[in-house]
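This report describes the overall form of a protein chain and then turns to one part of its interior.

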Amino acid sequence: MFENLSKAPGDKILALMGEYAADARPTKIDLGVGVYKDEKGVTPVMTSVRKAEERMLSNEKTKTYLGIAGNKGFGTAVLDLVLADAVDLLRVRIAQAPGGTGSLWVLMQLINRARPGATVHVSDPTWANHIPIANNSGLKVATYPYFDTVTRGVKFDEMLAALDKLGADDIVLLHGCCHNPTGANLTDAQWDQVAASLARTGALPFIDLAYLGFGDGIEADAYGTRKILSTVPEAVIAFSGSKNFGLYRERVGAAILVARNAEEADVTNSQLLNIIRGAYSQPPDHGAEIIRTILQDAELRAEWEEELGVMRNRMISLREKLASAIRERSNSTDFDFVAGHRGMFSLLGLTADAVEHLKAGNGVYMTSDSRINVAGIPEEHVGALADAFLGAIR
């Protein structure tokens with residue numbers, strides 16, 4: 001059966017994790033893996049999450065199946081969190097999925113049913129898993145200009161010009177906030193122009209919303225998503241609760257679709273649920289019930305938002321401290337962009353040789369494209385890290 005298979009390429013981030021674990025140097029620093037870490041280097045369980053779980057254990061009466069669409073209360077709570085009043089909910093349907101990645105997969109399968117072999121346009125660069133998921137779903141992939149390697153900002157004029165050339169059969173994958181891997185994000189005014197472009201061309205917006213609340217706050221981070229949904233007739237959104245609720249291992253996400261009217265929403269949703277039934281059949285409940293419990297309880301929600309704010313502000317502070325330390329040592333503003341980026345990541349623009357030098361010589365681990373997880377920066381070693389970066393590029 002299996003003699004004709006060849007070995008699949010290894011996952012680079014998992015390989016990097018293995019290298020880091022095997023490194024015996026006590027001063028090693030992990031800036032590669034994309035999880036939030038606190039000042040102790042631990043990915044914590046939020047107190048609001050722990051309280052929700054304790055409540056669940058006390059009140060749970062059954063372990064029966066949820067149904068194909070998953071936890072309905074979770075769906076209601078997520079729609080309120082993400083959409084607010086941006087769109088008539090009669091046009092909206094939601095299905096729970098295993099993580100943001102599962103949500104992406106389900107929605108790309110849906111798109112391929114609607115437009116077999118259609119083209120998904122992704123930012124250059126984009127999250128490493130976007131392209132394989134699209135290809136494995138039968139879709140074609142193209143890129144639109146996004147990251148400026150000189151300014152470390154967004155090539156917005158070029159991006160908009162590319163989007164303006166698309167048509168009604170095209171899909172545009174947008175990072176709703178906290179762009180991964182670059183950390184460079186659109187302004188509200190630029191989101192307005194993107195929404196207007198999509199309305200003109202009829203291209204379908206596909207929003208990956210993996211970091212809501214990790215950039216500048218929930219309302220600020222939701223601006224682009226809500227603006228687009230209030231402007232165009234159709235859209236899909238892949239939501240993740242991994243980062244903002246710290247529920248990485250619970251794999252909790254949601255596939256959201258917005259149709260032109262309620263009738264089309266029902267028809268499209270029937271296909272979405274059919275895809276789910278033919279794959280993992282029904283989603284798990286634990287993570288979804290945690291999020292539902294938090295979002296539908298005023299006290300727990302306030303505590304969660306406060307904890308999320310602490311995480312967000314810590315990352316912003318680390319960005320500012322690293323940029324300042326590099327500026328002080330180099331008398332240059334070349335890395336000031338790190339302070340202006342938002343979310344967990346920044347793309348430094350280092351060469352592969354510099355990345356390897358940092359790993360071998362300093363025990364500083366990052367992905368080969370020089371994406372760093374700013375939450376992995378040890379605050380007490382910011383100066384040493386700045387010295388290492390400057391040494392590598394020199």
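## Surface and charge

In this predicted model, the protein chain has an accessible surface of about 17800 Å², and carbon and sulfur atoms contribute 51% of that area. The chain carries 40 positive and 49 negative charges, and the mean positions of these two sets lie 3 Å apart.

## Overall form

The protein chain contains 15 helices and 11 strands. Its C-alpha trace spans about 60 × 55 × 55 Å along the principal axes. For 394 residues, a compact globule would be expected to have a radius of gyration near 21 Å; the value for the protein chain is 21 Å, so the two agree.

Buried residues make up 53% of the 394 in the protein chain. Among contacts with a separation of 6 or more, 77% are between residues 24 or more positions apart.

## Helix H11

Helix H11 covers residues 286–295. Because eight of its 10 residues are buried, this helix is largely enclosed by the rest of the structure. The threshold applied here for a buried residue is under 20% relative accessible area.

Which residues of H11 are buried? They are Gly 287, Ala 288, Glu 289, Ile 290, Ile 291, Thr 293, Ile 294 and Leu 295.

## Packing partners of H11

The buried residues of H11 pack against three helices and a strand: helix H2 (47–59), helix H3 (72–83), helix H12 (298–330) and strand E2 (92–97).

Terms used. Residues numbered from 1 in each chain as written. Predicted model: local features only at pLDDT ≥ 70, side-chain atom pairs only at ≥ 80, totals over all residues. Heavy atoms only, no water. Buried < 20%, exposed > 50% of the residue type's maximum accessible area, 1.4 Å probe, protein only. Helix = DSSP H or I, 4+ residues; strand = E, 2+ residues; numbered from the N terminus. Contact = heavy atoms within 4.5 Å. Rg over C-alpha atoms; globule rule 2.2 N^0.38 Å. Areas by Shrake-Rupley, 256 points an atom, 1.4 Å probe, with all protein chains shown as cover. Lys, Arg positive; Asp, Glu negative; His and termini not counted. Charge placed at Lys NZ, Arg CZ, Asp CG, Glu CD.
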